[in-house]
Amino acid sequence: MNAMDAARAGQRQPSRSHQPRSSHEARVTYAPRSPRRASLVCVVGAGYVGLTTAACLADLGHDVCCVESNPARLDALHRGEIPIVEPGLEEIVAATTAAGTLRFTSDIAAAMDGCAIAMLCVGTPPRATGDPDLRQLAAAAAQVSAAATRDAVIVVKSTVPPGTCEAIGLLAVDHARAGVTITIASNPEFLREGHAVTDFMHPDRVVVGSAGARAAELVADLYPEDVAMVTCDTRAAELVKYASNTFLAIKISFANEVAGMCERLGADALEVLEGVGLDSRIGSEFLHPGAGYGGSCLPKDVAGFAALGHTLGWPVPLAEAAQQVNTRARHSVTDKLRLLLGDLAGRTVTVLGLAFKAGTDDVRDSPAVALVHQLSRAGASVHVFDPLVFLPGLPATQVPDPYEAALGADALVVATAWPAFAALDYDRLAKAMNGRVVVDAVNTMDLALLAEAGLEPYGTGRGRPVTFHPVVWQPLQWTASG
Ligand code: NAD
Ligand code: UGA
């Protein structure tokens, strides 16, 4: 059994060196590696990835200085406030800052003084073309290179297209002081928002791409000792990240395709997809239909993967189909409401949820926010409640209570799968509403209980009413002669 098979089987392989065997051959190693040394680390960017990385590395015993250029964010961190919602993060930041192993600054030169590892965790937002905007990354790499007082490894944790690390290497040479050598490593991050600390501390794998063994070893030694470590070259590591997010997006889009079929067949997609996902070759995660995938990464990275395909002269139609299916999914609620209510102009629609998924206050590319805009453009009056998010400028009335949001509504939509929504008093909702229609886009409520409360519930893929989407098969021919 080779290492990759062992990884699939969840077995541990004996330790081997981190050195890539060739420029195109990855290897997977398991602990025990060489004993982990505490390192002095500079983390650039204190967002979801940077702040989690900085705090967790400090918690693992490293001496971390986290550089943040946004003054408001930095001030909040200096006051001990955590600018993002991540379970467990506040406690780790408090403990490590108190212990002196985590510090925050805006001064990159001070952070790099004597430091041999800088991790770049800055944003790479999408441009209209689908390519990511790499300006934050280039600026951070130039600043770090200029500030390095000794040979250093720049570790790119931000998600970037393959080839970026090589470009950063050239930029680093231009900015580094005489006699200082900068090496570039790719170490993409796979954490999920809302699970950032757990995902960082217990990753499925850590991927390190570099041109040399020494840089890979330095990066690998930062992490907990018992994780699967994939070492390869930088292009491969960069592509692992793009390919992983694109595969997740394709899986979700496939679930949404099946959901649409189920609605038209009168079948229940939750049953169908459970049956599909129990095949261990497929797996049940990321097979939940909903209002389309959103957030700051999946849409951006599928777009980046597709743009990369065009650049390479190797289009990637599967990824592009996932984008099309996702666009359709992100209009599915408005389409349903039009089928059920007719013209939405002058109607009142309640939307429960604004965050792009439960467990976060992040609204970047949120399907729920997109829905509010669609409804508003259609002329509906929109009432909104989210347990964590208040979004200035939204074309909706935002209220701090779900029952108040439901007052007088012709229809209610659940757009974010907050568990608290499932636990609402459905009778109270029914009394507050004017109409009966409930569209649970994220399949979090109990449809039978909603019906018992006198409401008319619809989920995503919960192929209920043959009257809603009548089955349109041609009559089957049963005779042998056909
Ligand atoms: P973010 O926008 O939340 O945080 C980036 C931070 O970097 C900001 O606070 C910004 O002010 C700071 N910054 C930018 N330039 C700087 C500089 N020169 N010096 C100091 N600070 C600087 O971004 P994020 O969500 O943490 O994502 C960062 C990268 O990681 C992106 O490439 C993203 O695709 C990738 N990623 C994100 C996640 C996630 O769950 N959010 C997961 C995996 C990978
Ligand atoms: C995603 C990946 O899961 C992380 O591994 C990755 O590191 C990260 O992107 C990134 O690169 O930034 P995240 O954006 O936090 O993490 O959110 P996910 O949990 O992946 O959800 C993304 C979207 O897909 C959400 O809108 C969610 O509601 C939707 N989704 C997810 C579904 O519609 N169905 C599913 O089965 C799963």
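S244 has two contacts beyond four places in sequence in this predicted model: F190 and R205. The residue sits in helix α10. Its relative accessibility is 17%, so S244 counts as buried, the limit being under 20%. The side chain of S244 makes two polar contacts of note. One goes to the side chain of R205, at 3.1 Å. In the other, the S244 side chain reaches the backbone oxygen of V240 at 2.7 Å.

**Ligand 2**

Helix α10 also serves ligand 2. It spans residues 234-265 and supplies at least two residues of the shell around this ligand, as does α12, residues 298-311. Of the elements, α10 gives the most, with 4 residues. In total, 19 residues surround ligand 2. The closest are F190, L191, E193, K241 and C297. F190 thus appears twice: in contact with S244, and among the residues closest to ligand 2.

What is the make-up of the shell around ligand 2, in nonpolar, polar and charged residues? The shell divides into 10 nonpolar, 3 polar and 6 charged residues.

Three residues place N or O atoms by oxygen atoms of ligand 2. L191 does so with a backbone N or O atom, at 2.6 Å. K241 uses a polar side-chain atom, at 2.7 Å. K357 also uses an N or O atom of its side chain, at 3.0 Å. On its own, ligand 2 has 700 Å² of accessible area, and the protein covers 86% of it.

**Ligand 1**

Around ligand 1 there are 28 residues. V49, E68, T124, T159 and K300 come nearest. The shell around ligand 1 splits into 10 nonpolar, 11 polar and 7 charged residues.

T124 brings a polar side-chain atom to 2.5 Å from an oxygen atom of ligand 1. R73 does likewise with a polar side-chain atom, at 3.3 Å from an oxygen atom. S69 uses its backbone instead: an N or O atom there lies 3.2 Å from a nitrogen atom of the ligand. Taken alone, ligand 1 exposes 830 Å², of which the protein buries 89%. Two helices, α2 (48-59) and α6 (135-147), give two or more residues each to the shell. The largest share, 3 residues, comes from α6.

The polar pairs for both ligands are set out below.

| Residue and atom type | Ligand and atom | Distance |
|---|---|---|
| L191, backbone N or O | ligand 2, oxygen | 2.6 Å |
| K241, polar side-chain atom | ligand 2, oxygen | 2.7 Å |
| K357, side-chain N or O | ligand 2, oxygen | 3.0 Å |
| S69, backbone N or O | ligand 1, nitrogen | 3.2 Å |
| R73, polar side-chain atom | ligand 1, oxygen | 3.3 Å |
| T124, polar side-chain atom | ligand 1, oxygen | 2.5 Å |

**N326**

N326 lies in helix α13, residues 317-330. Is N326 buried or exposed? Its relative accessibility is 5%, so N326 counts as buried. Beyond four places in sequence, N326 is in contact with S253, G292 and Y293. S253 falls within the residue range of α10, 234-265.

**Confidence**

The protein chain averages a pLDDT of 91. A score of at least 70 is reached by 89% of the residues. Two stretches stay under 50. One is residues 1-24, for which the model has 42 contacts beyond four places in sequence. The other is residues 474-482, with 0 such contacts. Where pLDDT is low, the predicted coordinates should not be read in detail.

Technical notes: Residues numbered from 1 in each chain as written. Chains lettered and ligands numbered in written order. Predicted model: local features only at pLDDT ≥ 70, side-chain atom pairs only at ≥ 80, totals over all residues. Heavy atoms only, no water. Near = heavy atom within 4 Å. Polar contact = N/O pair within 3.5 Å; in protein donor to acceptor, adjacent residues only side chain to side chain. Areas by Shrake-Rupley, 256 points an atom, 1.4 Å probe, with all protein chains shown as cover. Nonpolar A, V, L, I, M, F, W, Y, C, P; charged D, E, K, R; others polar. Buried < 20%, exposed > 50% of the residue type's maximum accessible area, 1.4 Å probe, protein only. Contact = heavy atoms within 4.5 Å. pLDDT = per-residue confidence, 0-100.
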